[in-house]
Amino acid sequence: MSKKRTLNEIRQVKDAVYEHKYDLDNVLPDEYWNALSQSLDEVEQSYNTPDWDEMDSNYYHQLRERLNKGEDEVGPRKFKQYQSTELPVQSIVIPAGRQHDGEKMVAYYHIIVEDMELGECNGYYQLVTEEQLEKEFNIKYNN
């Protein structure tokens, strides 16, 4: 199909649309609008954000009882804060869990780094392995 023919077909369709812009015989049926409205309602419900509960000592107590776990197994996440000895940079390191990589168990950490000299909201987040934490940030979490 030639380019010229394709452009002519597009022009014909465009002209036909403008010519019948207010053609009441070509109106979408009510069933279409009802289905569309229902779909939009379902999408809105799925994106509705839930309420949040604070994970306080009562929460962890109930969770331990339900899972039959001890305080050393279920509880608030521990984290450590670090200050660079050479730069005005602080970081927060939060254990993210362990996962087997096919060869060995690997510990993961969330790290948030903040430049204290900037004086405005700033920060950097990264999910790192224990090895990356030591090599890239020179932090040994479990020392």
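A residue counts as buried when its relative accessible area is under 20%. By that cut-off, buried residues make up 12% of the 143 residues in this chain. The model you see above is a predicted one, so please read everything below as a description of that prediction.

## The overall layout

Let's start with the fold's building blocks. The chain holds 4 helices and 4 strands. Starting at the N terminus, the elements follow the order α-α-α-β-β-β-β-α.

## Two patches on the surface

Which residues gather in a patch of negative charge on the surface? They are Asp51, Asp53, Glu54 and Asp56. To find this patch in the structure, look for Asp51, which sits in the loop between helix H2 (30–46) and helix H3 (57–67). The relative accessible area of Asp51 is 78%, so this residue is exposed.

A second patch on the surface is nonpolar, and its members are Leu28, Tyr32, Trp33, Leu36 and Leu40. Together they offer about 490 Å² of accessible area. Leu28 belongs to the loop between helix H1 (3–19) and H2. With a relative accessible area of 43%, Leu28 is partly exposed.

## Aromatic pairs

Now to the rings. A pair of aromatic rings is described by the distance of the centres and the angle of the planes. How many aromatic pairs does the structure hold? There are 2.

One of them joins Tyr59 and Tyr60 in an edge-to-face arrangement, at 5.2 Å centre to centre and with 80° between the planes. These two residues differ in their cover: Tyr59 is partly exposed at 33% relative accessibility, whereas Tyr60 is buried, with a relative accessible area of 9%.

Another pair is made by Tyr109 and Tyr141, whose ring centres are 5.1 Å apart. Why is this pair called tilted? Its planes stand at 45°, and planes count as stacked under 30 degrees and as edge-to-face over 60, so an angle between these limits gives a tilted pair. Tyr109 lies in strand S3 (residues 105–115), while Tyr141 lies in the segment after helix H4 (130–137). The pair therefore ties together parts that are 32 residues apart in sequence. Both Tyr109 and Tyr141 are buried.

## Salt bridges

A search of the whole structure turns up 2 salt bridges. The table sets them out with the distance between their closest N and O atoms.

| Lysine | Acidic partner | Closest N and O atoms |
|---|---|---|
| Lys104 | Asp101 | 3.9 Å |
| Lys135 | Glu131 | 3.0 Å |

Are the partners in the bridge of Lys104 and Asp101 buried or partly exposed? Lys104 has a relative accessible area of 46%, so this lysine is partly exposed. Asp101 is partly exposed as well, with a value of 42%.

Where do Glu131 and Lys135 lie? Both are in helix H4, 4 residues apart, which is about one turn of the helix. Glu131 counts as partly exposed at 48% relative accessibility. Lys135, in turn, is exposed because its relative accessible area of 64% lies over the 50% cut-off.

## Putting it together

As you turn the model, a few landmarks can guide you. Helix H4 carries the salt bridge of Glu131 with Lys135, and the segment after helix H4 holds Tyr141, the buried partner of Tyr109. The loop between H2 and H3 holds Asp51, one of the residues in the patch of negative charge, and the loop between H1 and H2 holds Leu28, one of the residues in the nonpolar patch.

Key. Residues numbered from 1 in each chain as written. Predicted model: local features only at pLDDT ≥ 70, side-chain atom pairs only at ≥ 80, totals over all residues. Heavy atoms only, no water. Patch = residues over 30% accessible without salt bridge, like charges linked within 9 Å, V, L, I, M, F, W, Y side chains within 5 Å. Areas by Shrake-Rupley, 256 points an atom, 1.4 Å probe, with all protein chains shown as cover. Salt bridge = Lys/Arg side-chain N within 4 Å of Asp/Glu carboxyl O. Lys, Arg positive; Asp, Glu negative; His and termini not counted. Charge placed at Lys NZ, Arg CZ, Asp CG, Glu CD. Buried < 20%, exposed > 50% of the residue type's maximum accessible area, 1.4 Å probe, protein only. Phe/Tyr/Trp six-rings, centres within 6.5 Å; stacked < 30°, edge-to-face > 60°.
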